[in-house]
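Visitor: I am new to this structure and would like a guided tour. Please start with a close look at a single spot in a loop, and then lead me on to the rest of the chain.

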Amino acid sequence: MEANIFSYPPLGQVTQLKERDFQFTAVLEVEGDHAQDPWEVAVWHSFTDDNWTEMLLSPSAAGDSPSSLQVTESPKTLLYFSTPFFVASLMNFTLKFRNGSNQPWKWSREASGVIDGVVVTNPENPLRELEENLEDVIHGLNPELSVKKAASQTPNTQLWTVRANVGPAEEDRSAYTDVELGTPWGGALRYFALVRHGSPWLGPRHGSSLFSLDKDGVMCSFLSPQGRHLVLLGVSGPSNVITLLRSSDSGSVKLHIRNDDETESTGLVLAAVGEDFESAIAAVMYHARTVVFATSGTEDDFTRELRSLSNDIKPEWYENWYDGLGYCTWNALGQQLTDEKIINAVEALAKDNINISSLIIDDNWQDVENEGQDQYQYGWKRFEAAPKAFPHGLRDTVSRIRSKHPSIQHVAVWHALLGYWGGISSTGDLAKTYKTVKVDRDDSNLKGHMTVIAKEDVGKFYDDFYRFLSDSGIDGVKTDVQYMVDTWVSAKLRRELTDSYLDSWMISSLRHFSIKVISCMSQAPQLLFRQQLRRNRPPMLVRNSDDFFPDIPDSHPWHLFTNAHNALLTQHLNILPDWDMFQTDHEFAGFHAAARCLSGGPIYITDVPGKHNIELINQMTGQTPRGKTVIFRPSVLGKSVNPYTSYDEPVILKIGSYHGRAVTGTPMLGIFNLSRQPLREVIALSEFPGVLSSMVYVVRAHRSGLVTPVLRHDSPTANLAVSLEVRGYDIYTAFPVTQFNSETNGRVDVANLGLVEKMTGAAAITTYESELLYNGRVFLDTRLKALGVLGIYISSLPDMSTERDFMVTIQGEPIPPHTLTVNKVDGHVLNIDVETAWKEMGLEAGWSNEVEVKLYFDIEHP
């Protein structure tokens, strides 16, 4: 007899609650023929380390159990148990169950392998109750450090600056120092860090005991047993100093500082304490922006030109670049790239009615000198494309694409920041045209020298190159391998060339391509702070993690996990995080598609020609009235909702996002099973980002189409019982409910579900208004950015008639009656097939390229 158990608060995680009183809920999954057994469930819990006690849970009353939004053919039955709980501060717990009082108990860890859960309660405290001294937070704080309190820009947080001296660079060698900081909280309950996972990339690290990092950290967060969060941020870039975080053998934090400047300087760490992680990391990131801005000094020519170019960018350009479906050649066409391969790939997309709006010609189009063992040694020879692969030149290829496929609005090309992976060919045309310099690099991929453009000619080099690209029909770039400036050994060249390259590239890309750039392999510390933090330019796309590797199965769960956790920091940069391309005809395609939709960033595919999952593409995209294919980006970036849960724990990854205005917007929660075993969990409505206790919601699951009854924040039914098989995923969306009172039918609950066939269909809504008219009719006015099926939840719909009680118009014209139906999955959802109605009515797009749908219905229906 098999059985499994899961709960809220969940096992294997730290749950932070703002109320000390809560309802503990457990769900027991048993075989159907044992559902009537006298099952017992108990919580085994401790408020101290060595005093454990048992509390028996009671079977939940009918109507008080968690909701389920999944269709299953499993012969198993779910049984629900609950009890009120009070936790003063911290509680460790696990679960046990048995099918009769005379049967032996079975522990949850035996059934699922999930470790104990932890509950931390910390009711909101006023600022005066927070620690006043950093010594109270970091035990054994090094007295030799310069610690000062700073004004925090985030409510209910405290902020300090911590500085350590570092000597000057000498004889072209950078100066290094390692300085002890202290032990956060004297020992943290959990920690989360973002480290230099590789030279170009950030990656997450977690722990629940001794603080230990295998790589240098940029940011570390520590959760105290009292539920407070200490976030440490090493600030890099100003004054040619890089400050990173390391661990000691004893579990304390150390500062690792590198100084490339000729004068003595200081490394800077920002420390913030808050009641929640998001407040604390916001405090350090906001202050880091202030520090970087202050150290930039007076306004110079670069700053003035940057502002001038930024002011010229029009708002609609953002939509055209960010919101269209893109296609990249990298994984699709391989490394032996030719013009005919690109032409054939675009033709194949068009043949399958996949209308991309942007095309990225990735690596291997350039004319490079293939000398050396691999691409890290290859140098770039000239601007024009490789003559054998592109015999008629780059302009001819782009012209053919644009003339035959006008829906492709943007064509971008790849290049490395320094030209190519190995820089510039020392014997090519470029080396003869521009002044060059040789630099030594110390990279994990290759050590040795490379040729690069000298400081005097960097600006001219980018301007000339981008002018050539523009003349060839290119209007965007993906600039890769940017971290290479951080591999240079010479302190002199680092301080002279790094800012020159970063600033010249930024100016030239804005001058020639406005915002149509992707910064890639650029998560080295000084790039994060110099290039991506400051807000003196428009946001640009920046790759948020290492690549999508289609042929490495284990890379796909890690890819999602890394992006979701990196976004906890990158959400505060002046960028739009790019979770990379993926293939729709892949075993992990749904995983990647759902994550990209939630990310709030771009979506571009790299399908092998002819190998596409059209159904999946249609779930990610829609067509505007003018025929352009667009994606549905939530207005708030997607990120992990639980920073402290590690990759190795068998726990559901939850990626939270949000679309719309505060209060009236729509919370979204993606759920992903990254483990090698089925996972079960009870998810509270309160875990959805932006959910308010004063509001009521209905939650809809994308994959099943099921919708919950109306949920109140404090109701036992405001929990969702979730079951995910290996590689299982879904997107749950919480739609705010508007309540109308009728004289004949009582309360009527209404929610706008957006485009119900899309993964993030709520993000298709541009504006939405509702009101009760004087004649007793409800009026809903929705503007959509694309065509599709608009869903409206109406609690009284089962008692209503679509022919008698409803009137729907699109652009002021009544829709055909057959395009208004009751949803087949849930009888409370009204489907308005806007796409079919639009086509049958022969409507044309207006100036706004939006669709206005007006719905009228009578809540006083017979």
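## A close look at one loop residue

Guide: Let us begin with Thr 819, which has a relative accessibility of 2% and so counts as buried, since the cut-off for that word is under 20%. Please keep in mind that this is a predicted model. To find the residue, look for the loop that runs between β50 (813-814) and β51 (820-822); Thr 819 sits there. Now look at what surrounds Thr 819. If we set aside the neighbours within four places in sequence, its contacts are Asn 831, Ile 832, Asp 833, Thr 836 and Ala 837.

A second loop residue to look at is Gly 776, in the loop between β46 (765-772) and β47 (777-784). Its relative accessibility is 15%, so Gly 776 also counts as buried. Again leaving aside neighbours within four places in sequence, Gly 776 is in contact with Asp 858 and Ile 859. You can also trace a link to Glu 743: this residue is 33 residues from Gly 776 along the chain, and their C-alpha atoms are separated by 9.5 Å.

Next, turn to the loop between β14 (175-184) and β15 (190-198). Trp 185 lies in this loop and has a positive phi near 60°, although Trp 185 is not a glycine. With a relative accessible area of 11%, Trp 185 is buried. Gly 187 is in the loop between β14 and β15 as well, but at 35% relative accessibility Gly 187 counts as partly exposed. From Gly 187 to Ser 208 is 21 residues in sequence, and the distance in space is 9.5 Å, C-alpha to C-alpha.

On the other side of β14 is the loop that joins β13 (157-166) to β14 (175-184), and Asp 172 is found in that loop. Asp 172 is not a glycine either, and its phi is positive, at about 70°. Its relative accessibility of 38% makes Asp 172 partly exposed.

One more loop has a special feature of its backbone. Between β1 (3-8) and β2 (14-17) you will find Pro 9. The peptide bond that joins Tyr 8 and Pro 9 is cis, with omega about 0°.

Now for some helices. Take α6 (residues 339-351) and α7 (residues 393-404): their axes come within 10 Å and cross at roughly 10°. Because angles under 35 degrees count as roughly parallel, α6 is roughly parallel to α7. The crossing of α6 and α7 is right-handed. On the α6 side, the residues that meet α7 are Asp 339, Glu 340, Ile 342, Ile 343 and Glu 347, while α7 brings Thr 397, Arg 400, Ile 401 and Lys 404. Sorted by class, the contact of α6 with α7 holds 5 charged, 3 nonpolar and 1 polar residues.

Another pair to look at is α9 (residues 458-471) and α10 (residues 491-513), with axes that come within 9 Å and cross at roughly 30°. This angle, too, is under 35 degrees, and α9 and α10 are therefore roughly parallel to each other. Their crossing is right-handed. From α9, the residues that make the contact are Val 458, Gly 459, Tyr 462, Asp 463, Tyr 466, Arg 467, Leu 469 and Ser 470; from α10, they include Ser 500, Tyr 501, Ser 504, Trp 505 and Phe 513. The contact of α9 with α10 divides into 7 nonpolar, 7 polar and 3 charged residues.

Finally, step back to see the chain as a whole. The protein chain has 53 strands and 16 helices. Measured out along its principal axes, the C-alpha trace spans about 85 × 70 × 50 Å. For 862 residues, a compact globule would have a radius of gyration near 29 Å, and the protein chain agrees with this because its own value is 29 Å. Of the 862 residues, 61% are buried, and Thr 819, where we began, is one of the buried residues. Contacts across the sequence are part of the picture too: among those between residues at least 6 apart in sequence, 73% join residues at least 24 apart.

Conventions
Residues are numbered from 1 along each chain as its sequence is written. This is a predicted model: local features need pLDDT of at least 70, side-chain atom pairs count only at pLDDT 80 or more; totals for chains, interfaces and linings use all residues. Side-chain values use heavy atoms; hydrogens and water are left out. Helices (H or I, at least four residues) and strands (E, at least two) are DSSP runs, numbered from the N terminus. Buried means under 20% relative accessible area, exposed over 50%, partly exposed in between (1.4 Å probe, protein chains only). Axes are lines fitted to C-alpha atoms, for helices over the stretch in contact, and angles run from 0 to 180 degrees between N-to-C directions. Angles under 35 degrees count as roughly parallel, over 145 as roughly antiparallel, 65 to 115 as roughly perpendicular and the rest as oblique. A crossing is left-handed if the near helix is turned anticlockwise from the far one by less than a right angle, and right-handed if clockwise. Contact means heavy atoms within 4.5 Å. Ala, Val, Leu, Ile, Met, Phe, Trp, Tyr, Cys and Pro count as nonpolar, Asp, Glu, Lys and Arg as charged, and the others, Gly among them, as polar. The radius of gyration is taken over C-alpha atoms; the globule rule is 2.2 Å times the number of residues to the power 0.38.
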